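Q: Please take a close look at a single part of this structure and describe how that part is put together. I am a first-year student, so please explain each term when you use it.

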Amino acid sequence: MTGDEIQLRDGLEASYILGNAITRGQFSTVYKCLYKGKIERACRTYEKDKVNLNKVTKYLQEILQIVHPNLIRIYDGFQTPDEIHFITERVYGEELFERIVDLGHYSEREAASLIKDILSALVCLHDKGIVHGDIRPESLIYSNEGHDGTLKLRDVSFSKWTPNTHATIFIAPEKGETPSIAGDMWSLGIVLYIMLCGIEPGAGEVFTELVPGLSLPWWEDISKQAKEVIQRMLDLNPYSRLKADEAYQIPWVQGSVTQEHHLEAAVERLREFNAKAKFRVASKAVLATRKLSLPFLRRMELR
């Protein structure tokens, strides 16, 4: 496939100055970036063999035109012989779950409002046939650290695969070769599950905990309407699974039948969830550093 076919330009350095890495993921790395030496942006870099070139060919030009308040914008795309670079909006705030534990009051109403924002972004994408492909807690970030920060879904993923996070539960059970629109909704259903009870569902729990009439301790404070939304998002059948535009119209999501009491126990569990997540990230960073340093140490031993 040629550069013309995948609609990417050469000459990244002509307009952008790349800085240090901000984050490193399974398939991409995000760098600090300056546009024309003064406008702060970010650059997400993929190794070319890890990119879904068909998705780039089919949707990139349309994605570049999308401006949505709850979706990190992609401004441009470039290629080198071995890499593909996407210039994106730069965000500075914390992840969603970190913000939740800092709220003075967190209820189903706040959770529904947050899910409504994410669904709005997904409706925008899914109406155009575009799969997001990477919905998980780490992909939900605030635009800034202030109280006026906007919740944003990370830029559309162009990876060939859905990332294998610490919990494969974020990957839909149908496990297609590439991410799908129905898979996006499964992933969001798991995010909502954690938002409301503060823990990840274990194997087999997703479909038993929410069965009508079954009451486990961490669901006692959650309304029937909220449970129904999660159940429909976590439908095993991808063809009958709740769609983004359908979910957006549900009264619970719209806030008309949503409870307002503080979910204190869920917040405390989320605090533990965040701490474990940070530990996993730190552990991976240490392992990556050791892996990079091994060749150097071996060279030193040979001297």
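A: What follows describes the open sheet and the parts around it, then turns to the rest of the chain.

The model is predicted, so local features need pLDDT of at least 70 and side-chain atom pairs count only at pLDDT 80 or more, while totals for chains, interfaces and linings use all residues. Residues are numbered from 1 along each chain as its sequence is written, and side-chain values use heavy atoms, with hydrogens and water left out.

The protein chain has nine helices and seven strands. Both kinds of element are DSSP runs numbered from the N terminus: helices are H or I with at least four residues, and strands are E with at least two. Five strands build an open sheet with antiparallel pairing, and their order is 1-2-3-5-4. Two strands count as paired if DSSP finds at least two bridges between them. Strand 1 (16–24) and strand 4 (74–79) are the edge strands, each with pairing on one side only. From one strand to the next, the twist averages 30 degrees. Angles of this kind run from 0 to 180 degrees between N-to-C directions, and the axes are lines fitted to C-alpha atoms, for helices over the stretch in contact.

Which strands does strand 5 pair with in the antiparallel sense? One partner is strand 4, which pairs with strand 5 (residues 83–88) over five bridges. These two strands also form a hairpin, with three residues between them. Along this pairing, I74 is opposite T88, and D76 is opposite I87. The other partner is strand 3, and here the antiparallel pairing runs over six bridges. In this case C43 is the residue opposite I87. I87 of strand 5 therefore has D76 opposite it as well as C43, given how bridges define pairing.

Is strand 5 mostly covered or mostly open? Strand 5 is mostly covered, since five of its six residues are buried. Buried means under 20% relative accessible area, exposed means over 50%, and partly exposed lies in between (1.4 Å probe, protein chains only). Helix 2 (residues 53–64) lies across strand 4 and strand 5, and runs at about 140 degrees to strand 4.

Strand 3 (residues 39–47) includes E47. With a relative accessible area of 42%, E47 is partly exposed. The C-alpha atoms of E47 and I84 are separated by 6.4 Å, although these residues are 37 residues apart along the chain. E47 is also in contact with F27 and D82, leaving aside neighbours within four places in sequence; contact means heavy atoms within 4.5 Å. Before strand 3 comes a loop that links it with strand 2 (28–35), and K36 is found in that loop. K36 is exposed, at 60% relative accessibility. Its phi is near 55 degrees, a positive value in a residue other than glycine.

Some residues of the sheet also belong to a core. A nonpolar core is a set of buried Ala, Val, Leu, Ile, Met, Phe, Trp, Tyr and Cys residues joined through side-chain atoms within 4.5 Å. In the largest nonpolar core, which has 68 residues, M195 and L196 touch the most other members. A second, separate core has seven residues, among them Y16, Y35, C43 and F78. C43 is thus named both in this core and in the pairing with strand 5.

Away from the sheet, S187 is part of helix 5 (residues 181–197). S187 is buried, with a relative accessible area of 6%, and touches I135 and F170, not counting residues up to four places away in sequence. C197 is buried too, at 0% relative accessibility, and C124 counts as buried at 16%. How many disulfides does a search of the whole structure find? The search finds zero, where a disulfide is a pair of cysteine sulfur atoms within 2.5 Å.

For the protein chain as a whole, buried residues make up 46% of the 303 residues. Among contacts with a separation of 6 or more, 67% are between residues 24 or more positions apart.
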